[in-house]
Amino acid sequence: MIFEAVAELIAEHNDCDVATITMDSNFRELGIDSLDTVEMLINLEDKIGKEIELDQKVETVGDLVRFIESKME
């Protein structure tokens, strides 16, 4: 569920096919900087109804998904 939501937000941001985004996709390679990541987190918080404070560096989609999932436990 979290991966799908993150992939959708990235696809919308980059105007690309959601199927091209994987857990190994690197944010820098996708052209997403730290400000973009914060903006996506805000949008994701709205989608999942939970506040997420990013307190560590994430470099890949998988890093972000695992971080969010750990905060939801």
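Visitor: Which residues of the largest nonpolar core touch the most other members?

Guide: Start with the general idea. In soluble globular proteins, nonpolar side chains tend to be buried together. Now the case here, in a predicted model. The largest nonpolar core has 20 residues. Val-6, Ile-10, Phe-27, Leu-44, Val-61, Leu-64 and Ile-68 touch the most other members.

Visitor: Which helices supply at least two residues of this core?

Guide: Three are named: α1 (2-14), α2 (34-48) and α3 (61-71). Helix α1 gives the most, with seven residues.

Visitor: Take one core residue, Leu-64. What does Leu-64 touch, leaving out residues up to four places away in sequence?

Guide: A contact here means heavy atoms within 4.5 Å. By that test Leu-64 touches Val-6, Phe-27, Leu-41, Leu-54 and Val-58.

Visitor: Back up to the fold. How many helices and strands does the protein chain have?

Guide: Three helices and zero strands. Along the sequence the pattern reads α-α-α. The radius of gyration is 11 Å, close to the 11 Å that the globule rule gives for 73 residues, so the chain is as compact as a globular protein of that length.

Visitor: What does the C-alpha trace span along its principal axes?

Guide: About 30 × 20 × 20 Å.

Visitor: How do I read contact separation? What share of the contacts joins residues at least 24 apart?

Guide: Set a floor on sequence separation, then look above it. Take contacts between residues at least 6 apart in sequence. Of these, 51% join residues at least 24 apart.

Visitor: Now burial. What percentage of the 73 residues counts as buried?

Guide: The cut-off is under 20% relative accessible area. In this chain, 37% of the residues count as buried. As for surface, the chain exposes about 4700 Å². Carbon and sulfur atoms supply 46% of that area.

Visitor: Show me burial within one helix. Which residues of α3 are buried?

Guide: They are Val-61, Gly-62, Leu-64, Val-65, Phe-67 and Ile-68. These buried residues pack against α1 and α2.

Visitor: Gly-62 is on that list. Where does its relative accessibility stand?

Guide: At 0%, so Gly-62 counts as buried. Gly-62 lies in helix α3. Gly-62 and Asn-26 are 36 residues apart in sequence, and their C-alpha atoms are 8.8 Å apart in space.

Visitor: Move to α2. Is Thr-37 buried or exposed?

Guide: Thr-37 lies in helix α2. Its relative accessibility is 7%, so Thr-37 counts as buried. Leaving out residues up to four places away in sequence, Thr-37 touches Ile-32, Leu-54 and Val-58.

Visitor: And Ile-32, one of those partners? Where is Ile-32 found?

Guide: In the loop between α1 and α2. Loop residues still need their own accessibility check. Ile-32 is buried, with a relative accessible area of 6%. Setting aside residues up to four places away in sequence, Ile-32 touches Ile-10, His-13, Asn-14, Phe-27, Thr-37 and Met-40.

Visitor: Ile-42 is another isoleucine, in helix α2. What is its relative accessible area?

Guide: It is 45%, so Ile-42 is partly exposed. The middle band lies between the 20% and 50% cut-offs. Ile-32 and Ile-42 are ten residues apart along the chain, with C-alpha atoms separated by 15 Å. Ile-42 and Glu-53 are eleven residues apart in sequence and 9.6 Å apart, C-alpha to C-alpha.

Visitor: Where does Glu-39 sit?

Guide: In helix α2. Glu-39 is partly exposed, with a relative accessible area of 46%. From Glu-39 to Ala-5 the sequence gap is 34 residues, and the C-alpha distance is 14 Å.

Visitor: Backbone angles next. Which residue has a positive phi although it is not a glycine?

Guide: Asp-15, with phi at about 50 degrees. Asp-15 lies in the loop between α1 and α2. Its relative accessibility is 73%, so Asp-15 counts as exposed.

Visitor: Last, charges. How many positive and negative charges are there, and how far apart are their mean positions?

Guide: Compare where the two sets are centred. The protein chain has 6 positive and 19 negative charges. Their mean positions are 6 Å apart.

Definitions and conventions: Residues numbered from 1 in each chain as written. Predicted model: local features only at pLDDT ≥ 70, side-chain atom pairs only at ≥ 80, totals over all residues. Heavy atoms only, no water. Helix = DSSP H or I, 4+ residues; strand = E, 2+ residues; numbered from the N terminus. Rg over C-alpha atoms; globule rule 2.2 N^0.38 Å. Buried < 20%, exposed > 50% of the residue type's maximum accessible area, 1.4 Å probe, protein only. Areas by Shrake-Rupley, 256 points an atom, 1.4 Å probe, with all protein chains shown as cover. Lys, Arg positive; Asp, Glu negative; His and termini not counted. Charge placed at Lys NZ, Arg CZ, Asp CG, Glu CD. Core = buried A, V, L, I, M, F, W, Y, C linked by side-chain atoms within 4.5 Å.
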